[in-house]
Amino acid sequence: MNLLITNYCSRKCSFCFARSKIGQVENAAAGRHMSLDQLEQVMDFLERSGDKKLRLLGGEPTLHPQLEAMVKRALERGFHVHLFSNCMMPQQVADFLADLPQEQVSLLANVSLNREDSAQQKKRVEYALAALGPRVQPGITVTSPEFEYAYLIELINRYNFRRRIRVGIAQPIVGHDNEYLHPSRYRATGRALAAMALVCEREDILIGFDCGLTMCMFEDEEFAILARCSEGFKTVCRPILDLGPDFQAWHCFPLSDVMNVSFEAYPDRTAMVRDFQSKTAPYKSFGCMPECMRCVYLRRGQCTGGCLAHAMQSFHKPSGNAGN
């Protein structure tokens, strides 16, 4: 389960999967934040679920006013803390995290090539990356086949990050307009990802994949490349489980406005997952494009048909189409 502990973020990415939950918040003080008491309830829930990993995101989780107290309490209870961050964090937060045992605290850093950042913003990011180095794994969200990634290799080498890159593709948010990778560009993106894997292998770096990719993105020879040069490829679309500071939970961020439940209505993670699976089952056969309904890989369960948001989007039409 991912915990959205604050709805404030220092960036406004066009593809942001959490856009509908962040809202128009101009500063951290005005944001909505999960409380320490709520965090205790969530850790109780996770322990009942057999899960000792606390995954903190937002917004930008390092801007939560009580982040240090939250992390300390989680470590006291034996949780591993994993933060999803853009690394534009205050220096004191970077120092606090850097002083904690590396095996107890890790980060997935979505460090974008934002050329419009101010000198002060760039300084903050550089300080955090240098301080946190080996506990950081970089990630990238792909919005077109022409995505840039060479800068991630340079950052891994400069700051001694983990030699892994997490790759996700931008998905639509049902009922909203955001920038996402249109399925018509999946095949070209698959070629680019296979080429990226080869380049990264030469640098002793493996890539891994988030959910929502499809089998038809790749040709046979590209699957062979991924088998050798990545952490492995498998199509996945299942309940991620995200929880906001209002204690509303949802299947995943792309479905966050059309599939919400009360966190307190469920005894553990298994019960919540089963409920979401029953609600999404009618959409599973559609896939992300018309060809999916005739696809042998989907019929045999080898492919999930991409992100459910594409199928559900056709039933919840937004005002426009921001896909590439």
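Leaving aside its neighbours within four places in sequence, which residues is Phe147 in contact with? Keep that question in mind while we look around this predicted model; we will come back to it with the residue selected.

**The whole chain**

Start zoomed out, with the chain shown as a cartoon. You should be able to count 11 helices and 10 strands. The radius of gyration is 19 Å, close to the 20 Å that the globule rule gives for 324 residues, so the chain is as compact as a globular protein of that length. Turn the view along the principal axes, and the C-alpha atoms fill a box of roughly 55 × 50 × 40 Å.

Now switch on a surface. The chain exposes about 14,600 Å², with carbon and sulfur atoms supplying 48% of that area. Of the 324 residues, 51% count as buried. If you draw contacts between residues at least 6 apart in sequence, 76% of them join residues at least 24 apart.

**Helix 3 against helix 4**

Next, select residues 67-76, which make up helix 3, together with residues 91-98, which are helix 4. The axes of helix 3 and helix 4 come within 11 Å and cross at roughly 10°. An angle under 35 degrees counts as roughly parallel, and the two helices are therefore roughly parallel to each other. Show side chains for Leu67, Glu68, Val71 and Lys72 on helix 3, and for Gln92, Val93 and Phe96 on helix 4, to see the contact. Coloured by type, these residues divide into 4 nonpolar, 1 polar and 2 charged.

**Helix 4 against helix 5**

Keep helix 4 and add helix 5, residues 119-132. This pair packs at an angle of about 10°, with axes 9 Å apart. Helix 4 and helix 5 are therefore roughly parallel to each other. On helix 4, pick out Gln91, Ala94, Asp95, Leu97 and Ala98; their partners on helix 5 are Lys123, Tyr127, Ala128, Ala131 and Leu132. Here the contact residues divide into 7 nonpolar, 1 polar and 2 charged.

**Back to Phe147**

Finally, select Phe147, in the loop between strand 5 (136-142) and helix 6 (150-159). Is Phe147 buried or exposed? Its relative accessibility is 13%, and because the cut-off for buried is under 20%, Phe147 counts as buried.

Now for the opening question: beyond its sequence neighbours within four places, Phe147 is in contact with Ile140, Val142, Ala192, Leu193 and Met196. For one last distance, pick the C-alpha atoms of Phe147 and Asn86: these residues are 61 apart along the chain, and the atoms are separated by 18 Å.

Note on methods: Residues are numbered from 1 along each chain as its sequence is written. This is a predicted model: local features need pLDDT of at least 70, side-chain atom pairs count only at pLDDT 80 or more; totals for chains, interfaces and linings use all residues. Side-chain values use heavy atoms; hydrogens and water are left out. Axes are lines fitted to C-alpha atoms, for helices over the stretch in contact, and angles run from 0 to 180 degrees between N-to-C directions. Helices (H or I, at least four residues) and strands (E, at least two) are DSSP runs, numbered from the N terminus. Angles under 35 degrees count as roughly parallel, over 145 as roughly antiparallel, 65 to 115 as roughly perpendicular and the rest as oblique. Contact means heavy atoms within 4.5 Å. Ala, Val, Leu, Ile, Met, Phe, Trp, Tyr, Cys and Pro count as nonpolar, Asp, Glu, Lys and Arg as charged, and the others, Gly among them, as polar. The radius of gyration is taken over C-alpha atoms; the globule rule is 2.2 Å times the number of residues to the power 0.38. Buried means under 20% relative accessible area, exposed over 50%, partly exposed in between (1.4 Å probe, protein chains only). Accessible areas come from the Shrake-Rupley method with a 1.4 Å probe; for residues, only the protein chains shown count as cover.
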